[in-house]
Amino acid sequence: MSKLFSGIQPTGDLHLGNYFGAITNWVNLQKEHDTVYSIVDLHAITSDYDPETLRDQSVELAIDLIACGIDPEESILFIQSDVVEHVELQWILNSVTSYGDLTRMTQFKEKSQDKEFINAGLFSYPVLQAADILLYKAEKVPVGEDQVQHIELTRRVARRFNHTYGDFFPEPEPIIGHGARIMSTADPEQKMSKSGHEKHMIGLMEDRDSIWEKVKSAVTDPGGVEGEEMSPGVANLFTLLELTAPDDVLEGFKEDHREGELMYIELKEAVYEHLVSTLEPIWEKREDLEKDPGKVEEYLQHGRDRAEEIARENMREVRKLVGVRRRAR
Ligand code: TYM
């Protein structure tokens, strides 16, 4: 079984982009892989956040993930800061990461734009991400399209480490799913994201009315696209339909589009209806989990123990290769 790692930040609510871009894949891959999934709170502190609520948000996200179908017995599910080895490996990997590569990261450029104070954590963020993946010697990483550049960097970091210190890390490959790039319904030129305005995301746990409002007012033809070509907004609605509705429903709407008979309101109603049926079981499962917070905490401790065991073992090897010591107490 190949090893697989992925992570998600606990700040902001989980949205359809996270779900269709990453989490559905996380769930589907559990059975045939050794899966390790992390709630990456140490990444979250590189952007504006509230220290008072971060801990709770991490646990809430764990509940969301389990409700979505992550099985905490099958997969290792844990909170990043519970396993300190991530930070130690990051420091070591800094020395085999190219400064030039880090300056080329689009996420860094986007997040540092218009900021008066650009913290160094934001800059070395991808090195911590590389450490997350390599600490478990993961071979595959299921992510949305926006993370592919970070995985490519991870490959380069692994290669340089292996070249410098001897072969140790695999060069991990991204696994990209169907919903790898879900766009904002309010502005289909930008990706759905937690960091922007609330209107740019549809939360997984949002109520029906608010989901309908956002789907109903989804931008379809901002500039009037001519001919057969689909505008980005319509294409985004089709993607959501493809991810939630049976094939015949999708085909029906595609045909309407081809024939020039597509009614946007009907498409929107169908998207809403199938989206809600997809989300309903998740909402129900979440309600059950909320009733037993002790159980979730137990899952997280179990996840931490299992993650820590692998992390400790691999770090012992890494320290040997690099020539640093940590005497056993
Ligand atoms: P994060 O927390 O921003 O997003 C979590 C996952 O959701 C995907 N995603 C999307 N997919 C499709 N359409 C969208 N609009 C959309 N928005 C987000 C992301 O691609 C991601 O897979 N740096 C990472 C977290 C991380 C990580 C890791 C990931 C830390 N260490 C190690 C993989 C491996 C991040 O900020 O994801």
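**Figure 1. The ligand sits in the largest pocket of this predicted model.** A molecule sits in a pocket if more than half of its atoms lie within 2 Å of the pocket's grid points. By that test, the ligand takes up the space of the largest pocket. Which residues come closest to the ligand? They are Q9, Y125, D132, D146 and I182, out of 28 residues that surround it. The shell around the ligand is made up of 12 polar, 11 nonpolar and 5 charged residues. Four elements each supply at least two of the shell residues: β1 (3-8), α1 (16-29), α7 (120-135) and β4 (140-143).

**Figure 2. Side chains of N18, D132 and D146 make polar contacts with the ligand.** In N18, a polar side-chain atom lies 3.1 Å from an oxygen atom of the ligand. D132 brings an N or O atom of its side chain to 2.7 Å from a ligand nitrogen. For D146, the distance from a side-chain N or O atom to a ligand oxygen is 2.4 Å. How much of the ligand's accessible area does the protein cover? On its own, the ligand has 710 Å² of accessible area, and the protein covers 96% of this.

**Figure 3. The largest pocket has a lining of 50 residues.** Its volume is about 1,400 Å³. Closest to the centre of this pocket are Q107, K111, D146, K191 and S195. Six elements give two or more residues to the lining: β1, α1, α6 (106-112), α7, β4 and α8 (148-165). Which of them gives the most? It is α1, with 5 residues. By class, the lining holds 25 polar, 13 nonpolar and 12 charged residues. D146 thus belongs to two views: it is among the residues closest to the ligand, and among those closest to the centre of the largest pocket.

**Figure 4. The second largest pocket draws on α2, α3 and α13.** This pocket encloses about 320 Å³ of space. It is lined by 15 residues, and D41, R55, S58, I79 and S81 lie nearest its centre. The elements with two or more residues in this lining are α2 (41-44), α3 (51-68) and α13 (293-322). α3 gives the most, with 5 residues. How does this lining divide by class? There are 7 nonpolar, 5 charged and 3 polar residues.

**Figure 5. The structure holds 1 cavity of 30 Å³ or more.** The largest cavity has a volume of about 50 Å³. Which residues line it? They are M105, Q107, F108, K111, L122, Y125, P126 and H150. Two elements, α6 and α7, give two or more residues each to the lining. The lining counts 5 nonpolar residues, 2 polar and 1 charged. Several names recur from earlier views. Q107 and K111 line this cavity, and both are among the residues closest to the centre of the largest pocket. Y125 also lines the cavity, and Y125 is one of the residues closest to the ligand.

**Figure 6. S217 lies in a loop between two helices.** Where is this loop? It runs between α9 (208-216) and α10 (232-244). The side chain of S217 reaches back to the backbone oxygen of E213, at 2.6 Å. How far is S217 from I265 in sequence and in space? The two are 48 residues apart in sequence, with their C-alpha atoms 9.6 Å apart in space.

How values were computed
Residues are numbered from 1 along each chain as its sequence is written. This is a predicted model: local features need pLDDT of at least 70, side-chain atom pairs count only at pLDDT 80 or more; totals for chains, interfaces and linings use all residues. Side-chain values use heavy atoms; hydrogens and water are left out. A residue is near a molecule or strand if one of its heavy atoms lies within 4 Å of it. A polar contact is a pair of N or O atoms within 3.5 Å; within protein, one must be able to donate a hydrogen and the other to accept it, and residues adjacent in sequence count only if both atoms are side-chain atoms. Accessible areas come from the Shrake-Rupley method with a 1.4 Å probe; for residues, only the protein chains shown count as cover. On a 1 Å grid over the protein atoms alone, a cavity is a set of points where a 1.4 Å probe fits but cannot get out, and a pocket is an open set with protein on both sides within 12 Å along at least five of seven lines; lining residues have an atom within 4 Å of a point. Ala, Val, Leu, Ile, Met, Phe, Trp, Tyr, Cys and Pro count as nonpolar, Asp, Glu, Lys and Arg as charged, and the others, Gly among them, as polar. Grid points are joined across faces, edges and corners, and a volume is the space filled by probe spheres set on the points.
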